[in-house]
Amino acid sequence: MGPISQFIDHHYRHFNAAALKDAAVGYKKHIANNGQMLVTLAGAMSTAELGLSLAEMIRAGKVHAISCTGANLEEDVFNLVAHDHYERIPNYRDLTPADEQKLLEKHLNRVTDTCIPEHEAIRRIEGAVLEYWQDADKKGESYFPHEFMYKILLSGKLKEHYQIDPKNSWLLAAAEKNLPMVVPGWEDSTLGNIFAGYCIKGEIKKSTTVKGGIEYMKTWAEWYMGASKKNPVGFFQIGGGIAGDFPICVVPMLEQDLGHEDVPLWSYFAQISDSTTSYGSYSGAIPNEKITWGKLAPTTPSYIVESDATICAPLIFGYVLGW
């Protein structure tokens, strides 16, 4: 147990701090009991550089599958090739609409306190992935969004543009392990919009060249059925939204819609969320609500840390890694 783990053990005794520690201890127990873990990424965790800890979790075998938004998929690669061109705006709360317009004119797309540079990040990756999209389109082949990114990263074509240590890219770590992944709702990401544009212009003939959500659910069902029959599968959710709701629904789908018997429920559940626990939102739903949907059991170890994931996720990962 390193200094971070010791600090958490000693100081995190009550309230959200205790919930964080309990979730981390539960995560370690789940893995120690030969469990597998899905990690879901909502929000802009890649732009928050969660790869600094998540990549090591993947390499250490503490993460066995990922569900993420299209934004998190692409923004990890944006950061990999354009980190030095990002601009941080600590006083973003004080920006006026005119200030925001000036950022737009400088081609700086703001995510809270961090601006993603359009030319160095988005357009560079657009050029790289377009080649793969068009090649697959001509050959009549189809791949998932993450598979295209895996191909690009593993080809080594971007290496000359790396601006961070590649060990801090969680997507590169996932590609090297060929980690199972789902990217629900990819269409609303920047690259998803760009792909749609090429389809509208006719430069890509088939929109199915990039596989969508139904294909993802089919492959996800196959993965879950195979994995859960061998090992208990846990669910570690960062934020909420489609990145969390899409993969967790595989269990009731297999049982209620496909009629499979004895479908194992999720064996661990933890969520880091700053969403208000009310008002019908999925992000704000407490774990117990998922029991009514056939996703969790009353006995499933469940935790909710109501706090900022950019603060809490690296601490939990550090604890699991023994930092």
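In this predicted model, one open sheet is built from three antiparallel strands, arranged in the order 3-5-4. Strand 3 (87-88) and strand 4 (108-111) are the edge strands here, and each of them pairs on one side only. Four bridges link strand 4 to strand 5 (residues 114-117), and the two run in the antiparallel sense. Among these pairings, Val-111 finds its bridge partner in strand 5 at Thr-114.

A second open sheet contains six strands, and its pairing is parallel, with the order 6-2-1-7-8-9. Its edges are occupied by strand 6 (181-182) and strand 9 (302-305); each has a single partner strand, so one side of each is left without a neighbour in the sheet. Within this sheet, strand 1 (residues 36-41) and strand 7 (residues 233-238) run parallel and are joined by six bridges. A handy landmark for anyone tracing this pairing is Leu-38, whose bridge partner in strand 7 is Phe-235.

Helix 13 is a good place to continue from the six-stranded sheet. This helix lies across strand 1, strand 7, strand 8 (268-272) and strand 9, and runs at about 145 degrees to strand 7. Helix 13 (residues 309-321) also packs with helix 2 (residues 15-32), at an angle of about 40 degrees and with the axes 9 Å apart. Helix 2 is therefore oblique to helix 13, and the crossing of the two is right-handed. On the helix 2 side, the contact involves Leu-20, Lys-21, Ala-23, Ala-24, Val-25, Tyr-27 and Lys-28, which meet Cys-312, Leu-315, Ile-316, Tyr-319 and Val-320 of helix 13. Sorted by class, this contact between helix 2 and helix 13 comprises ten nonpolar and two charged residues, with no polar ones.

Tyr-27, one of the helix 2 residues in that contact, returns in the account of the aromatic rings. The model holds 14 aromatic pairs. In one of them, the ring centres of Tyr-27 and Tyr-268 are 6.0 Å apart and the planes stand at 65 degrees, so the pair is edge-to-face. Because Tyr-27 belongs to helix 2 and Tyr-268 to strand 8, this pair ties together parts that are 241 residues apart in sequence.

Turning to another helix pair, helix 6 (residues 118-139) packs with helix 9 (residues 190-201) at an angle of about 50 degrees, the axes being 11 Å apart. That angle makes helix 6 oblique to helix 9, and helix 6 passes helix 9 in a right-handed crossing. Helix 6 contributes Ile-122, Arg-123, Ile-125, Glu-126, Val-129, Leu-130 and Trp-133 to the contact, while helix 9 supplies Thr-190, Leu-191, Ile-194, Phe-195 and Tyr-198. Nine nonpolar residues, one polar residue and two charged residues make up the contact of helix 6 with helix 9.

The last pair to be described consists of helix 11 (residues 241-248) and helix 12 (residues 250-257), which pack at an angle of about 35 degrees with their axes 5 Å apart. Phe-246, Pro-247 and Ile-248 of helix 11 make this contact together with Val-250, Val-251 and Pro-252 of helix 12. By class, the contact of helix 11 with helix 12 has six nonpolar residues, no polar and no charged ones.

Conventions:
Residues are numbered from 1 along each chain as its sequence is written. This is a predicted model: local features need pLDDT of at least 70, side-chain atom pairs count only at pLDDT 80 or more; totals for chains, interfaces and linings use all residues. Side-chain values use heavy atoms; hydrogens and water are left out. Axes are lines fitted to C-alpha atoms, for helices over the stretch in contact, and angles run from 0 to 180 degrees between N-to-C directions. Angles under 35 degrees count as roughly parallel, over 145 as roughly antiparallel, 65 to 115 as roughly perpendicular and the rest as oblique. A crossing is left-handed if the near helix is turned anticlockwise from the far one by less than a right angle, and right-handed if clockwise. Contact means heavy atoms within 4.5 Å. Ala, Val, Leu, Ile, Met, Phe, Trp, Tyr, Cys and Pro count as nonpolar, Asp, Glu, Lys and Arg as charged, and the others, Gly among them, as polar. Two strands pair if DSSP finds at least two bridges between them. Rings of Phe, Tyr and Trp (its six-membered ring) pair if their centres lie within 6.5 Å; planes under 30 degrees apart count as stacked, over 60 as edge-to-face and the rest as tilted.
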